[in-house]
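Student: I am new to this structure and would like a close look at a single part of it. Could you pick one helix and walk me through how it sits among the rest?

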Amino acid sequence: MPGIDECLLEAMRLPGARGAALVDWTSGLALGTVGEAPGGDHETTAAEAAELARMATEHGTFAARGDDLLPVEDVIISNGDSYHLLRFLDTSFDSSVFLHLWLGREEGNLALARIRLGEMAARLVLG
């Protein structure tokens, strides 16, 4: 069962990975980072991604209908040159963390990244 550093290094082995972070979406703090950050600053990226995560999870329109499910599984943002994948983690405490993977659009495989990030999230040990 990998910890934060091992999980982030595994994410960076995905094709096209530019950077990855584990972020607490309630505080906007990066709990771990690796690789590059969009705009060059991991903390700013974490805070901005956390705003997006909060918006997705706090609105019922996007919520899952089962009581035993996370409100949102993941959020995908695409732009002209990259993808951003936010994968929410189910934790024993408050489930307020997510993995943020930044992929280059030409080299990255969004479907593969989504599957692998889900597998990593299931194995990640926090605390």
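**A close look at helix H2**

Tutor: Happy to! Let us begin with the whole chain, whose accessible surface comes to about 6,900 Å², with 51% of that area belonging to carbon and sulfur atoms. Keep in mind that this is a predicted model. The protein chain has 127 residues, and 44% of them count as buried. Three helices and five strands make up its list of elements, and along the sequence they follow the pattern α-β-β-α-β-β-β-α. Of the contacts with a separation of 6 or more, 52% are between residues 24 or more positions apart.

Now to our helix. H2 covers residues 42-58, which is 17 residues. At 1.5 Å a residue it should span 24 Å, and its end C-alpha atoms are 24 Å apart, so the expected and computed spans agree. Look at the start of H2 as well: there, a side-chain oxygen of Asp-41 comes to within 3.3 Å of the backbone nitrogen of Glu-43.

Next, ask which residues of H2 are buried. They are Thr-45, Ala-46, Ala-49, Ala-50, Ala-53, Ala-56 and Thr-57. Around the helix axis these residues cover an arc of only 135°, and therefore they lie on the same side of H2. Turn to the face pointing away from that buried side, and you will find the exposed residues Glu-48, Glu-51 and Glu-58.

What covers the buried residues of H2? The cover includes strand E1 (17-24), strand E2 (29-35), strand E3 (74-78), strand E4 (82-88) and strand E5 (97-104).

One of these strands, E4, is worth a short stop, and His-84 is a residue that lies in it. With a relative accessible area of 14%, His-84 is buried, because the cut-off for buried is under 20%. Its side chain makes a polar contact of 2.9 Å with the side chain of His-100. Leaving out residues up to four places away in sequence, His-84 touches Pro-38, Val-75, Ile-76, Ile-77, Asn-79, His-100, Leu-101 and Trp-102.

For a last stop, visit Met-12, which is found in helix H1 (residues 4-12). Met-12 is partly exposed, with a relative accessible area of 24%. Beyond its neighbours within four places in sequence, Met-12 is in contact with Ala-17, Arg-18, Gly-19, Ala-20, Val-34 and Gly-35. Met-12 and Gly-35 are 23 residues apart in sequence, and their C-alpha atoms are 7.4 Å apart in space.

Key
Residues are numbered from 1 along each chain as its sequence is written. This is a predicted model: local features need pLDDT of at least 70, side-chain atom pairs count only at pLDDT 80 or more; totals for chains, interfaces and linings use all residues. Side-chain values use heavy atoms; hydrogens and water are left out. Helices (H or I, at least four residues) and strands (E, at least two) are DSSP runs, numbered from the N terminus. Buried means under 20% relative accessible area, exposed over 50%, partly exposed in between (1.4 Å probe, protein chains only). Contact means heavy atoms within 4.5 Å. Accessible areas come from the Shrake-Rupley method with a 1.4 Å probe; for residues, only the protein chains shown count as cover. The expected span of a helix is 1.5 Å times one less than its number of residues. The arc is that of the directions from the helix axis to the C-beta atoms. A polar contact is a pair of N or O atoms within 3.5 Å; within protein, one must be able to donate a hydrogen and the other to accept it, and residues adjacent in sequence count only if both atoms are side-chain atoms.
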